[in-house]
Amino acid sequence: MQDHEKEGEMNEPVSDSDNDEAENSADEVTSDEEITQEKTVKPLTAEALAEFEAAQKRAGVIYISRIPPGMRPAKVRHILSAYGEIGRVYLQQEDPKRAYLRKKHTSTNKAHYTEGWVEFASKKVARSVAEMLNAQPIGGKKGSRWRDDIWTMKYLPRFKWNMLTEQIANETATRAAQLRLELSQSKHEQKQYLKQVELARVLDKRAKKKEADGSSGPNQSTREEPITSDKTKKKPKKIKPPKTVDFECKNEELEGVLSSVF
């Protein structure tokens, strides 16, 4: 009986929820493994480094001065890969201000590119592709979007991909420095503006206070009389009349003195 019960438990059907949970757990495990695989970067050996440098010496770069509107790097790679082996592709996006105005006044929200660089595995192939496709229509199926657009490309002799990366890094650094400078200038101007606004407010307040004091001063003096007590009242000074001199008495005294002397 116990064996039959165990067999019944083992033969019970598995529900869909259990299957989903198992699949999710398996997907989580695989995704974690992929993340760990992406994070681990193996260092290049001496042989691999020498091989990479040799490939860089054999590679050639072409410059595309105009990218048709709406064409993306994957499309450029797809079209040019028909003429030879392609390594790396870099397309420069348009200016952010120009992109903002374009998105504001048009219905297209996709990114547009202005110029690009394409690396071929062989210098000879890159030179021949640039000479063959320059000033030629892109072509393609009838009714395609870029059928009538013209290629404008040029082969860059003695130009390597690391030069492009250095140039891009310098441009981004100068752009970031310019942006920091503009931000600091705008902050300084904002502080000066706020300081001037505060100063104007204080001066306006003082002027209003002076006007209020000047307008209320005479009215208060006419309406209100100063309250004085009896103690504080000053008595008016009495003016004494000048003493009158009796000249006759004075003359008699003088004569008596003179007579006694002489």
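Q: In which loop does Ala-135 lie?
A: This is a predicted model. Ala-135 comes just after H6, where the residue takes a positive phi of about 65 degrees. The loop that holds Ala-135 is the one between H6 and E4.

Q: What is the phi of Ala-135, which is not a glycine?
A: Ala-135 sits in the loop between H6 and E4. Its phi is positive although Ala-135 is not a glycine. The value is about 65 degrees.

Q: How many helices and strands are there in the protein?
A: Read along the sequence, the pattern is α-α-α-β-α-β-α-β-α-β-α-α. In total, the protein has eight helices and four strands.

Q: What percentage of the residues in the protein is buried?
A: Buried means under 20% relative accessible area. The protein has 262 residues. The buried share of them is 15%.

Q: Among contacts between residues at least 6 apart in sequence, what percentage joins residues at least 24 apart?
A: A contact means heavy atoms within 4.5 Å. The count takes in contacts between residues at least 6 apart in sequence. Of these, the share that joins residues at least 24 apart is 69%.

Q: Which residues touch the most other members of the largest nonpolar core?
A: This core holds 22 residues. The elements that give two or more residues to it are E1, H4, E2, E3, H6 and E4. The residues that touch the most other members are Ile-62, Leu-80, Val-118, Trp-151 and Met-153.

Q: Which element gives the largest share of this core?
A: Several elements give two or more residues to the core, including strand E1 (60-64) and helix H4 (73-80). The largest share is four residues. That share comes from H6.

Q: Which residues does Leu-80 contact, leaving aside neighbours within four places in sequence?
A: Leu-80 is among the core residues that touch the most other members. With its neighbours within four places left aside, its contacts are Ile-62, Ile-64, Ile-86, Val-118, Phe-120, Leu-133, Trp-151 and Met-153.

Q: How many residues are in the second, separate core?
A: This core is separate from the largest one. Val-61, Leu-156, Phe-159 and Trp-161 are among its members. The number of residues is six.

Q: Within what arc do the buried residues of H6 fall?
A: The buried residues of H6 are Ala-126, Val-129, Ala-130 and Leu-133. They line one face of the helix, because seen down the axis of H6 they fall within an arc of 95 degrees.

Q: Which residues are exposed on the other side of H6?
A: The buried residues of H6 are covered by elements including E1, H4, E3 and E4. On the other side of H6, the exposed residues are Lys-124 and Glu-131.

Q: Which residue caps the N-terminal end of H6?
A: The cap uses a side-chain oxygen. This oxygen lies 3.4 Å from the backbone nitrogen of Lys-124. The capping residue is Ser-122.

Q: Is Val-76 buried or exposed?
A: Val-76 is in helix H4. Leaving out residues up to four places away in sequence, Val-76 touches Ile-64, Met-71, Val-89, Leu-91 and Val-118. Its relative accessible area is 0%, so Val-76 is buried.

Q: What distance separates the C-alpha atoms of Val-76 and Leu-91?
A: Val-76 and Leu-91 are 15 residues apart along the chain. Val-76 touches Leu-91. The C-alpha separation is 9.3 Å.

Q: Is Asp-149 buried or exposed?
A: Asp-149 is in the loop between helix H6 (123-133) and strand E4 (153-156). Beyond four places in sequence, Asp-149 touches Arg-66, Pro-68, Gln-136, Pro-137 and Ile-138. Its relative accessible area is 18%, so Asp-149 is buried.

Q: Is His-112 buried or exposed?
A: His-112 is found in the loop between H5 and E3. Beyond four places in sequence, His-112 touches Pro-69, Gly-70, Gln-92, Gln-93, Glu-94 and Arg-102. At 14% relative accessibility, His-112 counts as buried.

Q: Is Arg-158 buried or exposed?
A: Arg-158 lies in the loop between E4 and H7. Its phi is positive, near 55 degrees, and Arg-158 is a residue other than glycine. At 73% relative accessibility, Arg-158 counts as exposed.

Q: Which element gives the most to the lining of the largest pocket?
A: About 220 Å³ of space lies in this pocket. Its lining is Asp-95, Pro-96, Lys-97, Arg-175, Gln-178, Leu-179 and Glu-182. Helix H5 (96-105) and helix H7 (161-223) each give two or more residues. The element that gives the most, with four residues, is H7.

Key: Residues are numbered from 1 along each chain as its sequence is written. This is a predicted model: local features need pLDDT of at least 70, side-chain atom pairs count only at pLDDT 80 or more; totals for chains, interfaces and linings use all residues. Side-chain values use heavy atoms; hydrogens and water are left out. Buried means under 20% relative accessible area, exposed over 50%, partly exposed in between (1.4 Å probe, protein chains only). A nonpolar core is a set of buried Ala, Val, Leu, Ile, Met, Phe, Trp, Tyr and Cys residues joined through side-chain atoms within 4.5 Å. The arc is that of the directions from the helix axis to the C-beta atoms. A polar contact is a pair of N or O atoms within 3.5 Å; within protein, one must be able to donate a hydrogen and the other to accept it, and residues adjacent in sequence count only if both atoms are side-chain atoms. On a 1 Å grid over the protein atoms alone, a cavity is a set of points where a 1.4 Å probe fits but cannot get out, and a pocket is an open set with protein on both sides within 12 Å along at least five of seven lines; lining residues have an atom within 4 Å of a point. Grid points are joined across faces, edges and corners, and a volume is the space filled by probe spheres set on the points.
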